[in-house]
Amino acid sequence: MTHVLIPSQLTSYTGGETRLEAAGSTVGAVLEDLDARFPGLKFRVIDEQDRVRRHMRLYVGREETRSLAAPLAAGDELLIFGALSGG
Amino acid sequence: MTDAIQLLVGTRKGAWIYRSDARRETWRVQGPIFLGSIVNHLVLDPRDGTTMLMAASTGHLGPTIFRSTDGGETWAEAKSPPAFAKSDDPRARAVDHSFWLEPGHASEPGVWWAGVSPPGLFRSADGGETWDSVAGFNDHPRYWDWCPPEAGTPDGSLLNQVVIDPRDARRMYVATSSGGVFETADQGQTWSPLNENVACDFQPDRYPEFGQDAHYIALSPTNPDRLWQQNHCGIYRLDRPATRWERIGDAMPREIGDIGFTIVPHARDADTAWVWPMDGTDVWPRTSPGGRPACYRTRDGGASWERQDRGLPTEQAWITVKRQAFCADGCDPMGLYIGTTGGELWMSDEGEGWRLIAAHLPEIYSVVAAPLGA
């Protein structure tokens, strides 16, 4: 399982939870698992061309990724942030 | 019969609903709804009087549609909001935001249409729960000519409007910011440009087949063969079946000009319409000309215009009224409503004396008037 940090912008989907566990061996698979439990969450973060939305940031540990194919190992942490979208 | 009205207000930071008494004199407010969300359009379904759809996104999160089936009391997210097909094309499109929501024809309950940025048309057959791409427009062989990727507006190019002929569900018009107006007679399967004689002052060819920026189009409710257009480059009228627009904005006062975002026809008089001019000179401030906001009314199909500014600030009011933020109700006298970029909500009876309903809202993007408890 992957530890996932949920940003405030998405807590309306997770019932207020900011730390979750999710299954999957890639970033995309983990987001799919979250979307199955919290419908609609993934599309707010990833567009229909599988691109990370402009003002969202994904990190595996301390490494930023913008690829859904980025691998995740058991115990990894996926951090989702909403960042710098303007006033 | 009551003349109670509800105003559905979309802003850069959420939505509000204002509901009036039977005389439209006092208003009570519901909101904020989805505070912080960018709400481009909030629309009531006139066919059932209770379903509302909201086009929303946030600075961070992608676009979605929120639905209410109880008149705005509770909301849930659409199961499948508008989205283009996945593609390997390097120009593959992703919906940045939904801009316009249009209830389908009266004969088609549950059908809705959505216009999005980048320009795209979507259809729902289940009251906005799921949405399908309208291939006839979105995959048209000339799509990339009509909607080039580098076209404006500053917030991205738009399919900014869907208009349906109330006499025929198959006849529809769309307005775009990159190609002008397009029409279909088969409910979206085939499309053709409808821009003859509409100026395009920002291209070498001043009167192209397409390429115009159609800020707003409207049919006269009592004569749907009459189309009004507030274009980026002037005010126009078209009486079908003709295809050549007439520039009626030439009759506007020269010091005001005929640039604006929106035009509202009268609910019962097909010769009457209102515009809300903005400053389109030099660097295009897009504010009230001279800092003195006013609407202009024609009662003769655009042959002449009269200024209506009573009740509005007389100086230093540099507001703008955006595309979807000027609307009318169907009452008699007919209520006219504006929402301003300064977060003010105003109303008047057919332009005769403006009065403030609300202030201090975020920048207003859209105002929709609908009967309350009809």
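**Strands, cores and the A–B contact in a predicted two-chain model**

In strand β3 of chain A (residues 56-60), the side chains take turns: Met56(A), Leu58(A) and Val60(A) face one way and are buried, while Arg57(A) and Tyr59(A) face the other way and are not. That is the pattern to look for, as side chains in a regular strand alternate between the two faces of the sheet. The whole picture comes from a predicted model, to which the predictor gives an ipTM of 0.91 and a pTM of 0.96 for the complex. For chain B, the mean pLDDT is 96, with 99% of its residues at 70 or more.

Back in chain A, β3(A) has pairing partners that can be picked out one by one. With strand β5 (residues 77-82) of chain A it pairs in the antiparallel sense over 5 bridges, and here the buried Leu58(A) stands opposite Ile80(A). With strand β4 (residues 63-65) of chain A, β3(A) also runs antiparallel, this time joined by 3 bridges. Val60(A), another of the buried side chains, stands opposite Glu63(A) in that pairing. β3(A) and β4(A) make a hairpin with 2 residues between them, and Gly61(A) in the turn has a positive phi of about 65°.

What does the meeting of the two chains look like? Chain A puts 14 residues into the contact, and chain B puts in 14 residues. On the side of chain A that touches chain B, the residues split into 2 nonpolar, 7 polar and 5 charged.

Turning to the interior, the largest nonpolar core has 101 residues, and those with the most contacts inside it are Leu7(B), Val9(B), Met54(B), Ile217(B), Leu345(B) and Val367(B). Apart from that core lies another one, of 18 residues, including Val4(A), Ile6(A), Leu41(A) and Ile46(A). Val367(B) gives a good view of the 101-residue core. Setting aside its neighbours within four places in sequence, Val367(B) is in contact with Leu7(B), Val9(B), Ala325(B), Cys327(B), Tyr337(B), Ile338(B), Gly339(B) and Leu345(B).

Several of those contacts lead straight to a sheet in chain B. Its 4 strands form an open sheet in the order β24-β25-β26-β27, with antiparallel pairing. The edge places go to β24 (326-328) and β27 (352-358) of chain B; each has a single partner strand, so one side of each is left without a neighbour in the sheet. From one strand to the next, the twist averages 25°. Strands β25 (residues 335-339) and β26 (residues 345-349) of chain B pair in the antiparallel sense over 5 bridges. Within that pairing, Gly339(B) has Leu345(B) as its bridge partner in β26(B), and both of these residues are in contact with Val367(B).

Ile217(B), also listed among the residues with the most contacts inside the 101-residue core, leads to another run of strands. Strand β16 (residues 216-220) and strand β17 (residues 223-231) of chain B pair in the antiparallel sense over 5 bridges, and Ile217(B) stands opposite Gln229(B) in β17(B). The hairpin joining β16(B) to β17(B) passes through 2 residues. β17(B) then pairs in the antiparallel sense with strand β18 (residues 234-239) of chain B over 6 bridges, with Trp228(B) standing opposite Arg237(B). This pairing is a hairpin as well, with 2 residues between β17(B) and β18(B).

Chain B has another open sheet of 4 strands, in the order β4-β5-β6-β7 and with antiparallel pairing. Here β4 (38-44) and β7 (76-77) of chain B stand at the edges with a single partner strand each, so one side of each is left without a neighbour in the sheet. The link between strand β6 (residues 64-68) of chain B and β7(B) is antiparallel and consists of 2 bridges; in it, Phe66(B) has Glu77(B) as its bridge partner.

One loop residue deserves a look too. Ser177(B) sits in the loop between β13 (172-176) and β14 (180-184) of chain B. Is this loop residue buried or exposed? Ser177(B) counts as buried because 25 other C-beta atoms lie within 10 Å, where the cut-off is 20 or more. Leaving aside neighbours within four places in sequence, its contacts are Ala151(B), Gly152(B), Thr153(B), Ser157(B), Leu158(B), Asn160(B) and Asp213(B). Gln161(B) is 16 residues away from Ser177(B) along the chain, and their C-alpha atoms are separated by 9.7 Å.

Note on methods: Residues are numbered from 1 along each chain as its sequence is written. Chains are lettered from A and ligands numbered from 1 in the order in which they are written. This is a predicted model: local features need pLDDT of at least 70, side-chain atom pairs count only at pLDDT 80 or more; totals for chains, interfaces and linings use all residues. Two residues are in contact if their C-beta atoms, placed from the backbone, lie within 7 Å. Ala, Val, Leu, Ile, Met, Phe, Trp, Tyr, Cys and Pro count as nonpolar, Asp, Glu, Lys and Arg as charged, and the others, Gly among them, as polar. A nonpolar core is a set of buried Ala, Val, Leu, Ile, Met, Phe, Trp, Tyr and Cys residues joined through C-beta atoms within 7 Å. A residue is buried if 20 or more other C-beta atoms lie within 10 Å of its own, exposed if 12 or fewer, and partly exposed in between; C-beta atoms are placed from the backbone. Two strands pair if DSSP finds at least two bridges between them. Axes are lines fitted to C-alpha atoms, for helices over the stretch in contact, and angles run from 0 to 180 degrees between N-to-C directions. pLDDT is the predictor's confidence in each residue, from 0 to 100.
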